Amino acid sequence: MDSTQLLKGVLDLAVLAVVRDQDGYGYDIVRRLRSAGLHEVGDASVYGTLRRLFQAGLLTTYVVPSETGPHRKYYALNDAGRAQLELSRKVWAEFATSMHTLLDGTAAA
Amino acid sequence: MNAPTLISSLEVEQYAQAVREALADLPAAEREELLEDLPDHLAEVAAEDEGTLRERLGDPQTYAAELRAAAGLDTHPGRETLRAALARSYRNGADLATRLDTGLGRAMGYPRVRDLARALRPGWWVLRGWIVAQLLCDADEVHHWHGLVPDAGTSQAGGVVITIAAILASLWLGRRTEHASAWPRGIATAVSVALVVWALTVLTGYLGSAATSYEFGPASSATPAPAAPTSPPAAGTAPIAPATALSTGRSG
């Protein structure tokens, strides 16, 4: 099974989780998702997801001036984002438990 | 170390431009928001020096499609495609017009063709007045050449007066409509187009009759007035010519 298909459904959750740990700018979030094991994640998918979560009012942004490189736009989780993350986490936990049970049961039969 | 930086910044620019084009159908504000982080992102990827942007990120169209889908802006694929095509063809047309405007204008010594057209406008007003005078003197409705200064009825002097008056009126109207609002200007344009069409019709009719009768030039002085009052003077010598002149004049 292609993990990119699975990723599509949970990318919102993954991005929210990464930003909850620490504010980050776009490429920084891409890197953190990859180092967390989501190697298949596409750069454009992450940037697009950040944009959509921001539009949905789950993230706030601020610009950090840089003396060497470009000024960077950081994304941070706000209260609505935190609430959404909590909700999605429960949905995910239930879903994952169901899948585990199903898969283990099939394996045992 | 200078050269790779230069190349990569060019690569970033080209890649970003291609992504921008692939998102051209989106409303401008939405597109700019979506592309806000792109240059920084591409610069950062390029700085890692682990292959070209295409190798790292796929081609720009795929990048754009992924960005669009993840941002949730891909909800009506069918409509988007049609809108994209329309937007693109409109933009291409506008770009081409602008390029022609500046390119041809520069070749003729003006910043834009538009500026040349503006400079030529009073000349057009004079020509327009002259066409109106020709039209006013075309009372017998057989389109033919009336001479550079048309006769009003049988009076050459009347023709001169009408021509001068029409030119002055056209100049006056031209100055007025130059600063008029949109719809009077629209009417003026429509009338001008009709005049030009009429003038071209008469001209082709005249050329047709001239070709048939092998006569050219101001007919009123070159040929004696024909016996039949409805015959065009330009076609006096050839027996078949009046009918030809009539048909070409009216069909055009």
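Here is a friendly conversation about how the two chains of this predicted model meet and where empty space is left.

User: Before we start, how should I read the names and values?

Analyst: Residues are numbered from 1 along each chain as its sequence is written, and chains are lettered from A, with ligands numbered from 1, in the order in which they are written. The model is predicted, so local features need pLDDT of at least 70 and side-chain atom pairs count only at pLDDT 80 or more, while totals for chains, interfaces and linings use all residues; side-chain values use heavy atoms, with hydrogens and water left out.

User: How do you know that chain B is in contact with chain A, and how many residues take part?

Analyst: Contact means heavy atoms within 4.5 Å. By that rule, 17 residues of chain B are in contact with 18 residues of chain A.

User: What is the area buried between chain B and chain A?

Analyst: Buried area is the accessible area (1.4 Å probe) that two parts lose on being put together, summed over both. Here the value is about 1500 Å², and carbon and sulfur atoms give 49% of it. B:Asp37, B:Glu44 and B:Ala70 supply 33% of the area that chain B buries against chain A, more than any other three residues.

User: Why is the pair B:Asp37 and A:Lys73 called a salt bridge?

Analyst: The term asks for a side-chain nitrogen of Lys or Arg within 4 Å of a carboxyl oxygen of Asp or Glu. The closest N and O atoms of B:Asp37 and A:Lys73 are 3.5 Å apart, so the pair fits the rule. This pair crosses between chains, from the loop between α2 and α3 of chain B to strand β3 of chain A; helices (H or I, at least four residues) and strands (E, at least two) are DSSP runs, numbered from the N terminus.

User: What makes A:Arg51 and B:Glu36 a salt bridge?

Analyst: Their closest N and O atoms are 3.9 Å apart, and the limit is 4 Å, so this pair counts too. Across the interface the rule finds seven salt bridges, and the structure holds 20 over all chains.

User: Which classes of residue make up the side of chain B that touches chain A?

Analyst: That side divides into seven nonpolar, two polar and eight charged residues. Ala, Val, Leu, Ile, Met, Phe, Trp, Tyr, Cys and Pro count as nonpolar, Asp, Glu, Lys and Arg as charged, and the others, Gly among them, as polar.

User: What makes an empty space a cavity?

Analyst: On a 1 Å grid over the protein atoms alone, a cavity is a set of points where a 1.4 Å probe fits but cannot get out, and lining residues have an atom within 4 Å of a point. Grid points are joined across faces, edges and corners, and a volume is the space filled by probe spheres set on the points. The search finds three cavities of 30 Å³ or more.

User: What is the volume of the largest cavity, and which residues are closest to its centre?

Analyst: Its volume is about 90 Å³. Of the 12 lining residues, A:Tyr25, A:Gly26, A:Tyr47, A:Arg72 and B:Asp40 are the closest to the centre.

User: Which residues line the second largest cavity?

Analyst: Among them are A:Tyr47, A:Arg51, B:Asp37 and B:Leu67. About 70 Å³ of space lies inside this cavity, and its lining has seven nonpolar, no polar and three charged residues.

Conventions
1 Å grid on protein atoms, 1.4 Å probe; cavity = no way out; pocket = protein on both sides within 12 Å on 5 of 7 lines; lining within 4 Å.
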